[in-house]
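Could you walk me through this model in the viewer, one selection at a time? I would like to know what to pick next and what I will find there.

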Amino acid sequence: MTGWSGGLHIRAGQVPVADWLCGWCLAHRRATGEHWERQFCIMAARLGKVFTPHQIGKPGVAASAYGVEGREWRQWLLPDVTVWSAPGEHHEIKHKNPTRDGCYGLEEYRIASLVRFANTTGQQVLYTIHDWQHAGCRSSREPCENRLQDWVFADIADLSRATVGVSSRRSPSYVNGERREVTVRYWSAAAHFRPLSMLWLPPAAVESAS
């Protein structure tokens, strides 16, 4: 018997059901993430920005930058999208909603990687979120319009140093395609995140849009 779901084919007895479900969830998460990276780029293009999407069309491959520290070659994992238009920004993009207590989270290992990249390059790295709940959706899978007012951001260096409105706990996540329990840090959305319009639009435009 052959079943089909979400473009993934499976024959009964081939793999354990739990493994298949994890594979389907990972494929769905990657497809959803890539969709909203594309939407971010479309929005940036409409606002006249020049950018490079580093992950779109490259499932399972981590885009990297390379350099030498001392006498050793080093590798830095890149954020999802680089906006080259001045002053220049690197964006780690997520499509999610706040937790019940109004927080956004990110895995500690990813925070460390992004902070390392920011410290090495001296460039701004932002954690940028499309909030599907703010967009009026009932779940992350529900289609919704891509509007600038539903995007928020925070500087990853500021988030890494924050001590107020911050908590951590162990949660399941995918690391290199494998489901693991990792430490996730959470920040109060109200205290630490700002509308992306404040970064991308002139002050007068932000006031008129609010």
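Here is a tour in stops, from a nonpolar core through the strands to the salt bridges. Keep in mind that this is a predicted model.

**Stop 1: the largest core**

Start by selecting Leu 106, Tyr 127, Ile 156, Leu 159, Trp 187 and Phe 193, the residues with the most contacts inside the largest nonpolar core, which has 21 residues. Next, colour β8 (103-107), α2 (108-121), β9 (125-131), β10 (151-155) and α3 (156-161), since each of these elements gives two or more residues to this core. Which element provides the largest share of this core? That is α2, with five residues.

Now centre the view on Tyr 127 and show its surroundings. Leaving aside residues up to four places away in sequence, Tyr 127 touches Glu 92, Lys 94 and Lys 96, along with Gly 105 and Leu 106. The list of its contacts also holds Val 152, Phe 153, Ala 154, Ile 156, Leu 159, Trp 187 and Phe 193. One of these neighbours leads onward: Phe 153 belongs to a second, separate core of 15 residues, which also includes Ile 56, Val 81 and Leu 148. As background, nonpolar side chains tend to be buried together in soluble globular proteins.

**Stop 2: the three-stranded sheet**

Switch to a cartoon view and select β8, β12 and β11. These three strands form an open sheet in the order β8-β12-β11, with antiparallel pairing. β8 and β11 (166-175) are the edge strands, and each has a single partner, so one side of each has no neighbour in the sheet. Going from one strand to the next, the twist averages 35 degrees.

Zoom in on β8 and β12 (residues 178-188), which pair in the antiparallel sense over five bridges. Here you can pick out Gly 105, which stands opposite Tyr 186 in β12. Then bring α2 back into view: this helix lies across β8, β11 and β12, and runs at about 75 degrees to β8.

**Stop 3: a hairpin**

Move to β4 (residues 64-69) and β5 (residues 72-77), two antiparallel strands joined by six bridges. Together they form a hairpin with two residues between the strands. Click on Glu 69 and you will find that its bridge partner in β5 is Glu 72. In the turn, look at Gly 70, where phi is positive at about 70 degrees.

**Stop 4: salt bridges**

The model has seven salt bridges, and three make good places to end the tour.

Select Glu 108 and Arg 185 to begin: in this salt bridge the closest N and O atoms are 2.7 Å apart. The pair links distant parts of the chain, with Glu 108 in helix α2 and Arg 185 in strand β12, 77 residues apart. Is Arg 185 buried or exposed? Its relative accessibility is 15%, so Arg 185 counts as buried, while Glu 108, at 23%, counts as partly exposed.

Go on to Arg 161 and Asp 158, whose closest N and O atoms are 2.9 Å apart in their salt bridge. Both residues lie in helix α3, three residues apart, or about one turn of the helix. Arg 161 is exposed, with a relative accessible area of 58%, and Asp 158 counts as partly exposed at 46% relative accessibility.

Finish with Arg 138 and Glu 142, a salt bridge with its closest N and O atoms 3.3 Å apart. Arg 138 counts as exposed at 74% relative accessibility, whereas Glu 142, at 25%, counts as partly exposed.

Methods:
Residues are numbered from 1 along each chain as its sequence is written. This is a predicted model: local features need pLDDT of at least 70, side-chain atom pairs count only at pLDDT 80 or more; totals for chains, interfaces and linings use all residues. Side-chain values use heavy atoms; hydrogens and water are left out. A nonpolar core is a set of buried Ala, Val, Leu, Ile, Met, Phe, Trp, Tyr and Cys residues joined through side-chain atoms within 4.5 Å. Buried means under 20% relative accessible area, exposed over 50%, partly exposed in between (1.4 Å probe, protein chains only). Helices (H or I, at least four residues) and strands (E, at least two) are DSSP runs, numbered from the N terminus. Contact means heavy atoms within 4.5 Å. Two strands pair if DSSP finds at least two bridges between them. Axes are lines fitted to C-alpha atoms, for helices over the stretch in contact, and angles run from 0 to 180 degrees between N-to-C directions. A salt bridge is a side-chain nitrogen of Lys or Arg within 4 Å of a carboxyl oxygen of Asp or Glu.
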